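Hi,

Here is the structure I promised to pass on. Have a look at it first, and then read on for my notes.

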Amino acid sequence: MTARPRIGSVWARRVPDYPQHDRDFRVTGVFTKGDVTYVEVEDLKSGSPSRGLLEYMLDYAEPLTGGDGTAY
């Protein structure tokens, strides 16, 4: 995944054979420092915020909605 996700979009992350890592989250921020892009997200179940590298945060993730809230 190299495209930047839209702020407000909702994603489902499903890791094969590791259901403990599955979660649904909303993108709350996207920023670049140098040539590294980070994503800030909010877990929809717990409300916990987290931040990570774009490539890692969106591994195994599929968008559920666009940034405007419309479902895919």
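The side chain of serine 9 makes a polar contact with the side chain of tryptophan 11, at 2.9 Å. Serine 9 sits in the segment before S1, and with a relative accessible area of 2% serine 9 is buried. One thing to keep in mind as you read: this is a predicted model.

Now for the overall layout. The chain has one helix and five strands, and from the N terminus on they come in the order β-β-β-β-α-β. Of the 72 residues in the chain, 31% are buried. The accessible surface of the chain is about 4,800 Å², and carbon and sulfur atoms account for 51% of that. If you take the contacts between residues at least 6 apart in sequence, 35% of them join residues at least 24 apart.

On to the strands. S1 and S2 pair in the antiparallel sense, over four bridges. Tryptophan 11, which you met above as the partner of serine 9, stands opposite phenylalanine 25 in S2. S2 and S3 also run antiparallel, joined by eight bridges, and here valine 27 stands opposite valine 41 in S3. The hairpin of S2 and S3 has two residues between the strands, and in this hairpin glycine 34 takes a positive phi near 70°.

Which residues make up the largest nonpolar core? There are ten of them: Trp11, Phe25, Val27, Val30, Val39, Val41, Leu54, Met57, Leu58 and Ala61. S2, S3 and helix H1 (54-57) each supply at least two residues of this core, and the largest share, three residues, comes from S2. You will recognise both facing pairs from the strands in that list: Trp11 and Phe25 are in the core, and so are Val27 and Val41. As background, nonpolar side chains tend to be buried together in soluble globular proteins. Alanine 61, also in the core, is worth clicking on: leaving out residues up to four places away in sequence, alanine 61 touches Trp11, Ala12, Arg13 and Phe25.

Next, the charged pairs. Side chains of opposite charge can pair when their charged atoms come close. How many salt bridges does the model have, counting a side-chain nitrogen of Lys or Arg within 4 Å of a carboxyl oxygen of Asp or Glu? The count comes to three.

- Arginine 14 and aspartate 24 meet through their side chains, with N to O at 2.8 Å. Arginine 14 is in the loop between strand S1 (10-13) and strand S2 (23-33), while aspartate 24 is in strand S2, so the pair links parts of the chain ten residues apart. Arginine 14 is partly exposed at 42% relative accessibility, and aspartate 24 is partly exposed too, at 28%.

- Arginine 23 forms a salt bridge with aspartate 43, and their closest N and O atoms are 3.9 Å apart. Arginine 23 lies in strand S2 and aspartate 43 in strand S3 (residues 36-43), so this pair ties together parts that are 20 residues apart in sequence. Is aspartate 43 buried or exposed? Its relative accessible area is 12%, and the cut-off for buried is under 20%, so aspartate 43 is buried. Arginine 23, at 22% relative accessibility, counts as partly exposed.

- Arginine 51 pairs with glutamate 40, the closest N and O atoms being 2.7 Å apart. Arginine 51 is in strand S4 (residues 49-53) and glutamate 40 is in strand S3, eleven residues apart. Exposed means over 50%, so arginine 51, at 55% relative accessibility, counts as exposed. Glutamate 40 is partly exposed, at 23%.

One last residue to look at is proline 49, which lies in strand S4. With 70% relative accessibility, proline 49 counts as exposed. Which residues is proline 49 in contact with, leaving aside its neighbours within four places in sequence? They are Val41 and Glu42. Val41 is the core residue that faces valine 27 across the strands. There is also a spacing you can check: from C-alpha to C-alpha, proline 49 and threonine 28 are 8.8 Å apart in space, with their positions 21 residues apart in sequence counted as separation.

Over to you, and happy browsing!

How values were computed. Residues are numbered from 1 along each chain as its sequence is written. This is a predicted model: local features need pLDDT of at least 70, side-chain atom pairs count only at pLDDT 80 or more; totals for chains, interfaces and linings use all residues. Side-chain values use heavy atoms; hydrogens and water are left out. Buried means under 20% relative accessible area, exposed over 50%, partly exposed in between (1.4 Å probe, protein chains only). Contact means heavy atoms within 4.5 Å. Accessible areas come from the Shrake-Rupley method with a 1.4 Å probe; for residues, only the protein chains shown count as cover. Two strands pair if DSSP finds at least two bridges between them. A polar contact is a pair of N or O atoms within 3.5 Å; within protein, one must be able to donate a hydrogen and the other to accept it, and residues adjacent in sequence count only if both atoms are side-chain atoms. A nonpolar core is a set of buried Ala, Val, Leu, Ile, Met, Phe, Trp, Tyr and Cys residues joined through side-chain atoms within 4.5 Å.
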